[in-house]
Amino acid sequence: MSATLLAVQTLNGLQLGVLLFLIAAGLTLVFGVMDFINLAHGVQYMLGAYLAVAGYQLTGSFWAALLFALVVSLLAGLALEFLVFRHLYDRDHLDQVLATFGVILFLNEAVKVIWGAAPLSVPIPDLFDGSLQLMDNLRYPVYRLALIGSGLGVALLLYVLVTRTRIGMLVRAGATNPDMVAALGVNIRRLFMIVFGFGTMLAGFAGIMAAPILSVEPGMGDNLLILAFVVIVIGGIGSIRGAFISALLIGLVDTLGRSLTTDIARLLLPPAAANDVGPAIASMLIYILMAGVLFFRPSGLFPVARS
Amino acid sequence: MKKVLSALAATTILCSASAASAESLKIGFLATLSGPPAVLGQHMRDGFLLGVKENDGKLGGLDTEVLVVDDELKPDAALTKVQGLLERDKVDMMAGVVFSNVMMAVYKPVIEAETIFIGANAGPSPIAGKGCSPYFFSTSWQNDQNHEVMGKYATQKGYKRVVVMAPNYQAGKDAIAGFKRHYEGEIADEVYTKLGQLDFSAELARIADTKPDAIFTFMPGGMGVNLVKQYDQAGLKEGIPFLSAFTVDETTLPATQDTAVGLFAGAQWASNLDNAANAKFVADFKAEYGYAPSLYAAQGYDAARLIDGALERTGGDKSKDALMAALKTAPFESVRGDFSFNTNQFPVQDFYLVKAVNKDGAYVTEAVEKVFDDKGDAYAESCRM
């Protein structure tokens with residue numbers, strides 16, 4: 001493998017990591033601050049992508065679609081919070097898992113009824129339609145760089161929000177000891193609603209940003225949800241910084257793993273066996289990483305102190 | 001009392017069943033209609049129902065009732081539902097089935113119940129080979145064949161180095177084995193991806209680095225959409241010909257659109273095949289459902305037309321022996337032109353190199369050249385009926 005290819009693969013890994021971060025950030029906020037397991041986070045990502053499609057069909061502009069999808073994602077999240085999730089905060093995790101799983105089934109079916117089962121897509125906005133020549137026959141779409149940029153932007157925004165603002169302070173306090181925060185006269189329910197709405201909007205944003213490069217189809221969030229949980233478990237539940245670092249880590253390990261394991265296996269094994277073993281190991285790598293991290297640091301890389 | 005009642009109920013059911021069976025036909029249609037691959041089942045079902053509808057709801061002159069059942073892509077659920085169709089609904093025949101794993105689960109029970117079974121998509125090798133049955137007829141292909149088309153084409157074009165890529169599961173490995181059967185060049189790299197993979201940038205960088213003469217891939221459903229879009233965005237489309245099977249067709253083109261234009265696939269059907277049946281099918285399908293038909297829709301449509309033709313030949317007699325003998329002769333005009341049944345009752349048909357095009361604003365596949373003429377599958381020899 002040449003140095004250029006390695007550099008390209010690293011860039012690819014970063015980009016996958018950033019996409020994972022966009023999804024995991026909302027999940028870790030909701031899980032960490034509200035101690036609420038929201039399996040429906042994946043379908044909220046899907047909803048964002050579908051709303052981007054709908055917005056694009058209505059207006060013909062990516063930017064209008066972005067705005068439209070963000071607003072409707074937020075509203076849909078608040079509606080779900082009001083109708084379903086609000087009633088589950090005091091229940092145990094199993095009830096939350098069951099109810100949010102129901103939301104997955106419902107929304108997956110709903111988008112199929114509304115938009116049909118066939119995959120859809122949104123074109124890349126003109127502004128980012130170009131590409132860079134990375135290798136002599138491989139171009140790197142500028143849009144992917146924009147995706148990385150937007151992920152870093154969201155990370156920075158979250159960092160500032162969580163560490164530098166009053167609401168961020170409340171969120172951190174709520175994550176550590178919600179009862180105490182409530183006792184100090186903070187409307188914890190409203191705080192939860194804001195966090196939840198923001199979390200859904202982040203999931204929706206990830207969906208919107210993914211729509212031009214990935215296929216928009218029912219169930220598109222289900223696989224990513226598992227990865228997002230891996231990210232937040234490795235990063236430490238509730239930690240934005242942890243989610244950021246572990247998302248990049250997983251993006252890199254997964255991408256480089258897919259690229260390298262078969263080659264490495266070929267050094268050691270006959271080609272046919274290497275073709276079996278390489279991909280199998282590549283698909284296990286992130287879970288091996290998770291097991292390793294949890295063995296040494298059971299509450300993740302950046303555990304959030306809990307009372 | 002209870003006994004008397006149930007006996008009464010049984011006789012009424014029997015009476016109504018026999019009364020119904022005199023001039024009506026009941027078909028159980030199994031298709032995957034939920035989950036991400038539902039679009040394949042939808043195309044196949046719509047094609048079949050169009051075939052029934054065009055005959056005013058009568059196949060071979062018999063009032064036809066089609067019981068469409070969703071297998072949820074779960075072999076166990078499919079099995080339960082098929083048993084319900086056979087035992088409770090007493091269907092005269094079964095048709096449909098998108099996925100091979102579902103087919104393998106329901107095949108035995110259906111043919112052991114001596115029920116005629118018209119497969120409209122899945123064609124796993126055991127059914128075409130050793131496990132073939134006089135009750136089973138296919139209006140699609142044996143699973144390997146569309147991949148073989150691409151292998152043959154790559155050889156004809158003189159491609160010396162080809163990268164092959166498929167998801168890491170049985171159908172992916174079968175696809176690559178099928179490609180290799182008629183490909184004589186070198187396999188420059190063999191890439192197996194995760195099933196359900198979203199981002200192919202790592203694989204595409206590898207392909208760019210390998211600089212092959214062409215790539216061959218089998219990436220069904222949403223994976224294919226992701227791959228096609230990213231292949232185009234990575235600028236590989238211009239330099240490296242893209243050969244595929246079950247990746248670029250009318251089920252994925254609405255999502256890939258311009259990014260797929262110019263990509264190749266192997267198929268037994270395309271929208272521009274020049275025969276009267278096909279012209280009518282493509283026009284009617286669009287008018288009825290508002291979207292362009294795919295090969296899955298064509299197979300479903302042909303299944304209905306095959307049943308219609310066979311019943312016409314028997315004069316509406318649906319007794320098994322007469323009907324099976326009639327089915328064997330394939331008494332219908334297939335939308336793919338040449339069509340006859342092989343010894344294993346899979347089609348002998350032509351296969352084409354097809355290309356995605358934008359035709360008057362609609363994205364469809366069009367046949368570019370014929371790769372195989374009157375081709376049967378590789379497993380027919382081991383079928384003993």
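This report looks at the contact between chains A and B and at one sheet of chain B.

The model is predicted, and local features need pLDDT of at least 70, side-chain atom pairs count only at pLDDT 80 or more, and totals for chains, interfaces and linings use all residues. Residues are numbered from 1 along each chain as its sequence is written, while chains are lettered from A and ligands numbered from 1 in the order in which they are written.

Let us start where the chains meet. Here 33 residues of chain A are in contact with 34 residues of chain B (C-beta atoms, placed from the backbone, within 7 Å). On the chain A side, α1(A) gives the largest share, six residues. The elements of chain A that each give two or more residues are tabulated below; helices (H or I, at least four residues) and strands (E, at least two) are DSSP runs, numbered from the N terminus.

| Element of chain A | Residues |
|---|---|
| α1 | 3-34 |
| β1 | 131-135 |
| β2 | 138-141 |
| α9 | 220-235 |
| α10 | 240-268 |
| α11 | 271-296 |

By type, this side of chain A has 15 nonpolar, 14 polar and four charged residues (Ala, Val, Leu, Ile, Met, Phe, Trp, Tyr, Cys and Pro count as nonpolar, Asp, Glu, Lys and Arg as charged, the others, Gly among them, as polar).

Now for the sheet. Four strands of chain B form an open sheet in the order β8-β7-β9-β10, with parallel pairing (at least two DSSP bridges between two strands). β8 (186-193) and β10 (242-244) of chain B are at the edges with a single partner strand each, so one side of each has no neighbour in the sheet. Further in, β7 (161-167) and β9 (214-217) of chain B pair in the parallel sense over four bridges, and Val164(B) stands opposite Phe216(B) in β9(B).

Key
Contact = placed C-beta atoms within 7 Å.
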